[in-house]
Amino acid sequence: MSYTATPPLNATVAAVTERIRRRSAGTRADYLGHVDALRTRARGAERLGCANVAHAFAGMPPNDKLRVVAERAPHIGVVTAYNDMLSAHQPYEGYPEQIRRDAAALGATVQVAGGVPAMCDGVTQGAPGMELSLFSRDTIAMSTAIALSHDVFDAVLLLGICDKIVPGLLIGALQFGHLPCVFVPAGPMSTGLSNKAKSKVREQAAQGLVGRAELLAAESQAYHGPGTCTFYGTANSNQMLLEAMGLHVPGAAFVHPHSELRTALNTEAVRTALSLTRERRDVPIGVQVDERCIVNAMIALLATGGSTNHLIHWVAVARAAGILIDWSDFAELSGVIPLLARVYPNGSADVNQFQAAGGPGFVLRELLKAGLAHADVATVAEGGMAAYGQVPSLHAGKVLWTPLPEASGDDAVGGAGGQGRHRGAGPGVRRAGGPAQGLPGRHAGEGLRGRRALAGPARQRHARAAQADTAAGGAAGPRLQGGAGHRRPHERRVGQRAGRHPRQPRGAGRRPAGQGARRRHDPPGRRGRHAAGAGARGRVGRAPAGRA
């Protein structure tokens, strides 16, 4: 059941957006001036010198050279974060071949413009490599800009998912804001060992009741195949934010890598990128990512209890588009945005259960219906933000989007019961007392029914996904994506109290009253001294976001 009228925008959301717009007026105008200057130039194959053009297309098949130069066919650049170290990025290995095939069928040409580094924090945590993690984001941004500096493209496909990769790709792409860009995800691995069972083995290992072999076996059953880790960490928060910004094909975030629907969504990404070019819809990323788009991402983070790393990353993403946000903006929005999803470690469900219960589409639809998100933003999909409140499915080989049911099927995913602040999601993410603000006559998440595991068709879908993993060899051998606890020590939920790991016993890790959390690199005598504005722990905008 879809809504037909756009409700008035929530007053707080409108006020925060307007404050950001005023604050950013000068830097945004400078940025858009740069974008406009680039938009008015001739295509690269016609603008560059003959030697430059010859170098650019020397490696292409002769027919493609003819099409892109003489026939002026649209030319897509691909920036990929493929490697075999990240289970989330392993499926990208075959994407360039599919993209070339799909583009050729649509009368376009393709080149892989460049690759960017991508590291897995789950592999490097607790090791020296972890020290490179945050720095890698800016290296990825620079690598993206280097790839696009060849300057012969009409549109861009960005292949990346994980923690620092998506922010880096986005920051780099915004330096070429005159180009339309579509992010292409690969989806999560199928559900493995449950979080409860995994935690039990970890507890037994800590007590000396089981050895390394048993612990490794449990971890390898949890992180077992190609695709994103299934907890709601930074990688999957990235995907939720890209949906809220309209930078994905709608509903693409959490579809399994080896499903037929994923293949069809990849084809749709190529078609969508071509529809955004100057000769057609003309939606460059630098214009698309405006103040409303950034605020939608902030709202989606709060509504799902996403990773606090984004309090760092999205400040940088916004700045790359000439937009200035700070933690006070997150803090003010957190007062009106209800918590609409409870995904591990905020709840027991993983992202596959979240997807089966409605996923990003359900969250975005509810926010739009309540006037808690901007509906009037440019998106890569022609239907605007309303298209992101629907769910994709495959019919006769084609992707169709249909409205979600009015109520989803899993209250454990949607955040059942209770009012006010949610313990687990963190005090910085709030649900309004009584009916959720902007959601007349219903509690936030009330539409997510029935505290039960995946049932019927949902269970069958995930059984098929697990079979696909096994067929692809993903279940063979250990593939550790994390270590003890797997929640990265530098990563907390939005609003979660500092100083205690989500799985530590109550009281563990607490410090004496008045003593703030100590960061890893704080010198003695400087405990709890953080960025300007940092005060009481555990509030969005007032707590240190931790290392990213």
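**Entry: α8 and α9**

I started with the angle between α8 and α9 in this predicted model. The axes of α8 and helix α9, residues 165-174, cross at roughly 40°. They come within 7 Å. Angles under 35 degrees count as roughly parallel, and 65 to 115 as roughly perpendicular. The pair fits neither group, so I noted α8 and α9 as oblique to each other. I also looked up the handedness, and the crossing of α8 and α9 is right-handed.

Next I listed the residues that touch. From α8 I wrote down Arg137, Ile140, Ala141, Thr144, Ala145 and Leu148. Their partners in α9 are Ile165, Pro167, Gly168, Leu169, Ile171, Gly172 and Ala173. I sorted this contact of α8 with α9 by class: nine residues are nonpolar, three are polar and one is charged.

**Entry: the loop after α8**

I then moved to the loop between α8 (133-148) and β3 (155-159), where Phe153 is found. Is Phe153 buried or exposed? Its relative accessibility is 9%. Buried means under 20%, so Phe153 counts as buried.

What surrounds Phe153, once neighbours within four places in sequence are left aside? I found contacts with His75, Ile76, Gly77, Gln111, Ala113, Ala147, Leu148 and Leu179. Leu148 was already in my notes, as one of the α8 residues that meet α9. I checked one distance too. Phe153 and Gln111 are 42 residues apart along the chain, and their C-alpha atoms are separated by 8.9 Å.

Asp151 lies in this loop between α8 and β3 as well. Its phi is near 60°, a positive value in a residue other than glycine. I wrote a reminder beside it: most residues other than glycine have a negative phi. Asp151 has 17% relative accessibility, so I put it down as buried.

**Entry: Thr109 in β2**

I looked up Thr109 next. It lies in strand β2, residues 109-115. Its relative accessible area is 2%, so Thr109 is buried. Leaving aside neighbours within four places in sequence, I listed its contacts: Met60, Asp64, Arg67, Val68, Pro74, His75 and Ile76. His75 and Ile76 also appear in my list for Phe153.

**Entry: α12 and α15**

How are helix α12 and helix α15 placed? Helix α12 spans residues 234-245 and helix α15 spans residues 291-304. They pack at an angle of about 140°, and their axes are 8 Å apart. Roughly antiparallel needs an angle over 145 degrees. I therefore recorded α12 and α15 as oblique to each other. Their crossing is right-handed.

In α12, the touching residues are Met240, Leu241, Ala244 and Met245. In α15, they meet Cys293, Ile294, Asn296, Ala297, Ala300, Leu301 and Thr304. By class, I have nine nonpolar, two polar and no charged residues in the contact of α12 with α15.

**Entry: α1 and α17**

I turned to helix α1, residues 11-23, and helix α17, residues 327-334. Their axes cross at roughly 170° and come within 9 Å. That angle makes α1 roughly antiparallel to α17. The crossing of α1 and α17 is right-handed.

On the α1 side, I noted Thr12, Val13, Val16, Arg19, Ile20 and Arg23. On the α17 side, I noted Ser328, Asp329, Glu332 and Leu333. This contact of α1 with α17 has four nonpolar, two polar and four charged residues.

**Entry: backbone oddities**

Which residues does a cis peptide bond join? I found it between Tyr344 and Pro345, with omega about 15°. My reminder here: most peptide bonds are trans. Pro345 lies in the loop between α17 and α18 (351-356).

I also stopped at Ala396, in the loop between β5 (390-395) and β6 (398-403). Its phi is near 55°, a positive value in a residue other than glycine. Ala396 has a relative accessible area of 87%, so I noted it as exposed. Asp151, my other positive phi, counts as buried.

**Entry: the whole chain**

I finished with the totals. The protein chain has 21 helices and eight strands. Of its 548 residues, 55% are buried. The accessible surface comes to about 21,800 Å². Carbon and sulfur atoms hold 55% of that surface.

My last lookup was contacts between residues with a separation of 6 or more. Residues 24 or more positions apart account for 79% of them.

Conventions. Residues numbered from 1 in each chain as written. Predicted model: local features only at pLDDT ≥ 70, side-chain atom pairs only at ≥ 80, totals over all residues. Heavy atoms only, no water. Axes fitted to C-alpha atoms, helices over the stretch in contact; angles between N-to-C directions. Helix = DSSP H or I, 4+ residues; strand = E, 2+ residues; numbered from the N terminus. Left-handed = near helix turned anticlockwise from the far one by under 90°. Contact = heavy atoms within 4.5 Å. Nonpolar A, V, L, I, M, F, W, Y, C, P; charged D, E, K, R; others polar. Buried < 20%, exposed > 50% of the residue type's maximum accessible area, 1.4 Å probe, protein only. Areas by Shrake-Rupley, 256 points an atom, 1.4 Å probe, with all protein chains shown as cover.
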